[in-house]
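Trainee: Could you take me through one part of this model in close detail, the part you would pick out yourself? I'd like to see what sits around it before we look anywhere else.

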Amino acid sequence: MKQQPVVLKDLKEVCIHGTKSFPCAIYRTHAAGKGVFVKHHWHDEIEILYFSGGAFRLEINMESFMVQSECFYFVNPGELHSISAETAERYWEDAVVFSPNILGLDSSDEVQLRLIKPIQNGKLLFPRCAVLLRTLCALLDRKLRNLLRGRRRVRICQTAVW
């Protein structure tokens, strides 16, 4: 299970995700029994959560979502969120946390103007949940595992998870 990053009294997470030149990080958190394993926090980055299965309760802005099958959830910048395991079974969730600025390019084409800039400015938000077909989930899971396998240690705010 990953250790909790430092959180200020207003629940803002104090952690650099990735590096200054590449503000993106991938985390894997294992549920080690029933209960809260990612405490309430918020940050300025976008977070894409992948649940491998199991039974989780995800709270985003005080709205509760029951996760009982393989799926993706999206947490937009500034949204208060937490994750609890609802059973003692061993499952995990993966998170990709990145700055919206990573999406931008110096060009001003239609995609940049109509899609990327509104995401960066908070005017276009990601959908809350995406439940995908099993084959697509398996493909994405393999790709994510390959990314994680290439790294012996994943840094989480000063603490190595594995």
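Mentor: Let's start with a definition: two strands pair if DSSP finds at least two bridges between them. Keep that cut-off in mind, because strand 8 and strand 11 pair over two bridges, in the antiparallel sense. One of the contacts behind that pairing involves Tyr-73, whose bridge partner in strand 11 is Cys-129. Bear in mind as well that this is a predicted model.

Strand 8 is the part I'd pick. This strand covers residues 71–75, and five of its five residues are buried. Which residues lie on each side of strand 8? Cys-71, Tyr-73 and Val-75 are on one side, with Phe-72 and Phe-74 on the other. Both faces are covered. For a sense of scale, buried residues make up 40% of the 162 residues in the protein.

Now look at the other neighbour. Strand 5, residues 46–51, runs antiparallel to strand 8, and five bridges join the two. Two of the partnerships can be named: Leu-49 goes with Tyr-73, and Ile-48 goes with Phe-74. Put the Tyr-73 entries together and you get a residue with a bridge partner in strand 5, Leu-49, and another in strand 11, Cys-129. In general, strands of a sheet pair through backbone hydrogen bonds, either parallel or antiparallel.

Zoom out one step and the sheet appears. It is open, has five strands in the order 3-10-5-8-11, and its pairing is antiparallel. Strand 3 (24–30) and strand 11 (129–130) are the edges; each has a single partner strand, so one side of each is left without a neighbour in the sheet. Strand 8 itself sits between strand 5 and strand 11 in that order.

Next, the helix that comes before strand 11. Helix 1 spans residues 110–120. Its buried residues are Gln-112, Ile-116, Pro-118 and Ile-119, and what covers them includes strand 5. That ties helix 1 to the strand that shares five bridges with strand 8.

The loop from helix 1 to strand 11 deserves a look too. Gly-122 is in that loop; just after helix 1, Gly-122 takes a positive phi of about 75°. Is Gly-122 buried or partly exposed? Gly-122 is partly exposed, because its relative accessible area is 46%, and the buried class ends at 20% while the exposed class begins over 50%. The C-alpha atoms of Gly-122 and Pro-77 are separated by 7.7 Å, although the two residues are 45 apart along the chain.

Leu-124 lies in the same loop, between helix 1 and strand 11, and at 33% relative accessibility Leu-124 counts as partly exposed. Together with Val-111 and Leu-115, Leu-124 makes a nonpolar surface patch of about 230 Å². As background for that patch, the protein exposes about 9,700 Å², of which carbon and sulfur atoms supply 56%.

On the way into helix 1 there is another loop, the one that follows strand 10 (92–98), and Ser-99 is found there. Ser-99 is buried, with a relative accessible area of 14%. Leaving out residues up to four places away in sequence, Ser-99 touches Pro-23 and Glu-45.

Away from this part, two backbone angles may catch your eye. Asn-61 has a positive phi of about 50° although it is not a glycine; Asn-61 lies in the loop between strand 6 (56–60) and strand 7 (63–67) and, at 41% relative accessibility, counts as partly exposed. Leu-11, also not a glycine, has a positive phi of about 75°. Leu-11 is in the loop between strand 1 (6–7) and strand 2 (13–14), and is partly exposed at 32%.

Last, the overall frame. The protein has two helices and 13 strands. Among contacts between residues at least 6 apart in sequence, 68% join residues at least 24 apart. If you go back to strand 8 now, you can place it with strand 5 on one hand and strand 11 on the other, and with both of its faces covered.

How values were computed:
Residues are numbered from 1 along each chain as its sequence is written. This is a predicted model: local features need pLDDT of at least 70, side-chain atom pairs count only at pLDDT 80 or more; totals for chains, interfaces and linings use all residues. Side-chain values use heavy atoms; hydrogens and water are left out. Helices (H or I, at least four residues) and strands (E, at least two) are DSSP runs, numbered from the N terminus. Patches are made of residues with over 30% relative accessible area and no salt bridge: like charges are joined within 9 Å, nonpolar side chains (Val, Leu, Ile, Met, Phe, Trp, Tyr) within 5 Å. Accessible areas come from the Shrake-Rupley method with a 1.4 Å probe; for residues, only the protein chains shown count as cover. A salt bridge is a side-chain nitrogen of Lys or Arg within 4 Å of a carboxyl oxygen of Asp or Glu. Buried means under 20% relative accessible area, exposed over 50%, partly exposed in between (1.4 Å probe, protein chains only). Contact means heavy atoms within 4.5 Å.
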